[in-house]
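Student: Could we go through this structure together? I'd like to learn how each label is earned.

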Amino acid sequence: MAQEEDRHLNFAGEFDCPPEPLPTLRHSASHVMAQAVKMLFAEAQLAIGPAIEDGFYYDFAKPEPFTPADLERVEAVMWEIIKADYPFVREEMPRDEAIRFFEARGEPFKVEILRGIDAPVVSLYRQGDFVDLCRGPHVPSTGHVKAVKLLSSAGAYWRGDERNLMLQRIYGTAWHSQEELDRYLWRLEEARKRDHRKLGRELDLFVFHDVSPGAPFWLPKGMVIFRELERFAREAQDARGYQEISTPVLVNKRLWEQSGHWEHYQENMFRLEVEGQTFSLKPMNCPPSTYVYRHALRSYRDLPLRLSEMGRLHRDERSGTLTGLFRVRQFTQDDAHIYCRPDQLQDEITGVLELVQHFYKTFNLTPSFRLATRPDKALGSREQWDAAEAALHDALRANGLAYAVKPGDGAFYGPKIDIHIEDALGRDWQVATIQADLVMLPERFALEYIDSDGQAKRPVTIHRAIFGSFERFIGILIEHFAGAFPLWLAPVQARVLPVSEKHAAYGKLVFERLRAAGLRAELDDRNEKLGYRIREAQVQKVPYMLVVGERESGAGTVSLRWRTGEDLGQRPLDRVITEAMAEVASRSLTLTVGHSP
Ligand SMILES: [Zn+2]
Ligand SMILES: [Zn+2]
């Protein structure tokens, strides 16, 4: 108790006003926005206004959508409310009285929410003459909202269900300071420029078509990136004792009943009737992979068995939620299931963590780690869980990794490590997971190995994916690199540009030499001005341009230019090729050709 008081004293002494958590600030900003909207559009009915990642929104029932000019007016009124510094005042009201209260105010959505609440008493929050049904918490007063900006408006269905009424949503963002807000707005603008759907079109990487919603058609240039990532993953896995398998996409429902997916996951699965039997497109690779494990009798000496799979998966996502490569119905997971003895768990997790770091370092993405532990409802014994959690803790420490613990956030069948990455814009993405599965696959599929004492025992299964989905990861990479891929990933690595028709033959020879060396080259000998063709190659973010004219064809050289605009002058062709091949082989993140003395 005394300690607790001490801490409060220290805290109060060191900071005159500790900042509120951002979600509280942002949610409070949504109340301010709702008050402003009600002042300008009395007929607008209030739905909900939560804080979201990086900001907040509020949904209103209103016949006409908000226009950009409306948003400006709303924001101007918000500033008046902020200046007035109304306190957020909490009051409690019996639920039934609150229903009558909001009915009288013409707020049917609040009434519907209240009817779904079990509690006898609910809380309302008042600021000025605005009142909203809310659990809180909020900042003390509207004046605490200091750096706020409205961003956009869009239609959104009540409760996210397309059978419900379409509401009008306004998105905004709020931060502790103007600098933080400015930095966020810059990031947003930069993200718009880098949007993978826009760049995917401009760079000819992939297209979507309504004949198959949520499934990309990979164009040749996008497929180059896909293949390079596969090659990278395979190389890394081969070097670490993984064995690759491939399991069927169309699988009888029997298997999903056994795995439990039929009971818990059916609505996300595509089902088909084939010869009177029900099949499903696999939404995950785990259950099918057990057939490979069970194909042979396993002894303790066979373990660990590291089975990787580039699994083509389908999940039935609602068409309204599909978003470019970030949310798709068909995707490819860089999956692996490691079957091991309990005493091997820590070493195997240590190995996966090493692999994770190797992956992300290659792309200059910074990973962070969260260990999720035993939830209240968990299968398996306390001893199994304690041992598995200890193995994960120790594996993280063995790799020298800092990590957060999320107590109770593990899967019901075992603890896991969630891995997030931070991209070039400082955005956070959850990509990978490493799950220790103590019971799900092992128990449901009766997996066994014969131990050294001759007894049949259950192995532990590690589920792991590092890119997560190739599709989503490529989307992240496009935005992370702004389409300017490192040489090894670049769909076109070099473009040969003859100065004029006279040099076409030498240009062709240079192009053939590059291609014979395994480099992805293009020859642009169109009858266009050289400057125009250089600019076009730069727009396409082709790393190297090799300009060839009179001098170059006489000397067996090329004039080397980078997509960044740097002009490195004449270089021997042989040297350019050797250096480019070395840059590809090392999977360098930066351009290097022509920079050596
Ligand atoms: Zn609230
Ligand atoms: Zn799995």
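Tutor: Gladly! In this predicted model, the donor residues of the zinc ion (ligand 2) follow the spacing C-x50-H-x125-H in sequence.

Student: What makes the two histidines a link between distant parts of the sequence?

Tutor: His 337 belongs to strand S16 (residues 330-340) and His 463 to strand S23 (residues 460-469), so the pair ties together parts that are 126 residues apart in sequence.

Student: How do you know which atoms are donors of the zinc ion (ligand 2)?

Tutor: A donor must be an N, O or S atom within 2.8 Å of this metal. Cys 286 (SG), His 337 (NE2) and His 463 (ND1) coordinate the zinc ion at 2.0 to 2.2 Å, so these atoms meet the cut-off.

Student: Why is His 337 called buried?

Tutor: Buried means under 20% relative accessible area. His 337 has 2%, so the label fits. His 463, with 7%, is buried too.

Student: Why are strands S19 and S20 called paired?

Tutor: Pairing takes at least two bridges. Seven bridges join S19 (residues 416-422) to S20 (residues 428-437), so they count as paired. The two strands run antiparallel, and Ile 417 stands opposite Ile 434 in S20.

Student: Which strands stand at the edges of the open sheet, and why?

Tutor: The eight strands come in the order S11-S15-S16-S23-S20-S19-S17-S18, with mixed pairing. S11 (243-244) and S18 (403-406) are at the edges: each has a single partner strand, so one side of each is left without a neighbour in the sheet.

How values were computed: Residues numbered from 1 in each chain as written. Chains lettered and ligands numbered in written order. Predicted model: local features only at pLDDT ≥ 70, side-chain atom pairs only at ≥ 80, totals over all residues. Heavy atoms only, no water. Donors = N, O, S within 2.8 Å, 3.2 Å for Na, K, Ca; no water. Helix = DSSP H or I, 4+ residues; strand = E, 2+ residues; numbered from the N terminus. Buried < 20%, exposed > 50% of the residue type's maximum accessible area, 1.4 Å probe, protein only.
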